[in-house]
Structures are given as structure tokens and as C-alpha cells.
Amino acid sequence: MSDTRLTVTLDGGGIDDARAIVRALEGVFGAPDGRPADEGATVRTATFDASGAPHVPDASSAARTTGGALSAPVTVTVQGTPQAVEAASETLSRAFTARNEGAASGDQERERELLLVP
């Protein structure tokens, strides 16, 4: 994985849930390389360019309406630079009801797993 990429893996929920999660992250990272499109997939992935300093909106502009309601629980794994992972985690926690399911850190990369629930 490139050190300027944020990879987001989505497990669970439907295609609309995956799209809502990606939309919530677009405000911080811009458009991903591709949007989730496979209706039959059980795991979906989106990759964002995280080369710029991600900007996390303040609480007043990152209301829950950013993400919307999910139809089912979705496990989200975000992987990238520590700054990008923190920005993504904070953004998703503001947009959805989220539980931190764990994190792992490497030399220059971090990974965090969140459970987003309806």
C-alpha cells in the first residue's frame, strides 16, 4: 500500500450502506478511486488519496445527517497513515453510531477497525 493512500474495507450491510460510508469520508478525503458498485459483494473496498492533510470537519458541520442511517451493522477497517486513519475514524464516529473494535500500529502505518451500527 502506498504511504499516501487510505484504504477502507467494508464488511456487512448492503450497497447503500457502503455508499453512505464512502460519502461521509468524501468530505475529508475527496472522491475515492472508485465507489462501491457490486450489489452482490460481501466485502467492499474504497481507496482515497490521503497525500494532503485530511481536514476533519468540526462537530457542528459533521452532524449525523452526513452519513445517514445504516440498514445493518458494518465492520469498517481503515488503513493508512496515522493522521489519515484518525481523520477517517473521527469522521465515521461523528456520522454514524460507531464502536472502536481495535487498532494496530506499524512503523508508518496504522489500522483501525470500527463497527458501525444502525
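# A guided tour from strand β3 outward

Begin by selecting leucine 10 and valine 76: the latter, in β3, is the bridge partner of leucine 10. Strands here, like helices, are DSSP runs numbered from the N terminus (E, at least two residues, for strands; H or I, at least four, for helices). The model is predicted, so local features need pLDDT of at least 70 and side-chain atom pairs count only at pLDDT 80 or more, while totals for chains, interfaces and linings use all residues. Residues are numbered from 1 along each chain as its sequence is written, and side-chain values use heavy atoms, with hydrogens and water left out.

**The whole chain**

Display the full chain as a cartoon. Its secondary structure comes to 2 helices and 5 strands, and from the N terminus on the elements run β-α-β-β-α-β-β. Of the 118 residues, 37% count as buried, where buried means under 20% relative accessible area with a 1.4 Å probe and protein chains only. Of the contacts between residues at least 6 apart in sequence, 74% join residues at least 24 apart; contact means heavy atoms within 4.5 Å.

**Strand β3 and its partners**

Select residues 74-80, which form strand β3. Of its 7 residues, 5 are buried, so β3 is largely enclosed by the rest of the structure. Add strand β1 (residues 5-11), which runs antiparallel to β3 and is joined to it by 5 bridges. Two strands pair if DSSP finds at least two bridges between them.

Next add strand β5 (residues 110-117), which is also antiparallel to β3 and is linked to it by 7 bridges. Along this pairing, threonine 77 stands opposite glutamate 113, and valine 74 has leucine 116 as its bridge partner.

Continue to strand β4 (residues 97-105), which runs antiparallel to β5 with 8 bridges between them. Alanine 103 is bridged to arginine 112 of β5. A hairpin of 4 residues joins β4 to β5.

**Valine 78**

Return to β3 and select valine 78. With 0% relative accessibility, valine 78 counts as buried. Its C-alpha atom is separated by 4.6 Å from that of valine 8, 70 residues away along the chain. When residues up to four places away in sequence are not counted, valine 78 touches Leu6, Thr7, Val8, Val85, Ala88, Ser89, Arg110, Glu111 and Arg112.

**The two helices**

Now show helix α1 (residues 15-29) together with helix α2 (residues 82-95). Two packed helices are described by the angle between their axes and the distance between the axes. Here the angle is about 130 degrees and the axes lie 10 Å apart; axes are lines fitted to C-alpha atoms, for helices over the stretch in contact, and angles run from 0 to 180 degrees between N-to-C directions. The contact is formed by Ile21, Ala24, Leu25, Val28 and Phe29 of α1 with Ala84, Ala87, Ala88, Thr91, Leu92 and Ala95 of α2. These residues divide into 10 nonpolar, 1 polar and no charged, with Ala, Val, Leu, Ile, Met, Phe, Trp, Tyr, Cys and Pro taken as nonpolar, Asp, Glu, Lys and Arg as charged, and the others, Gly among them, as polar.

**Aspartate 17**

Finish with aspartate 17 in helix α1. At 4% relative accessibility, aspartate 17 counts as buried. Its C-alpha atom and that of proline 73 are 9.0 Å apart, with their positions 56 residues apart along the chain. Leaving aside neighbours within four places in sequence, aspartate 17 is in contact with Ala69, Leu70, Ser71, Ala72 and Val74.

Key
Buried < 20%, exposed > 50% of the residue type's maximum accessible area, 1.4 Å probe, protein only.
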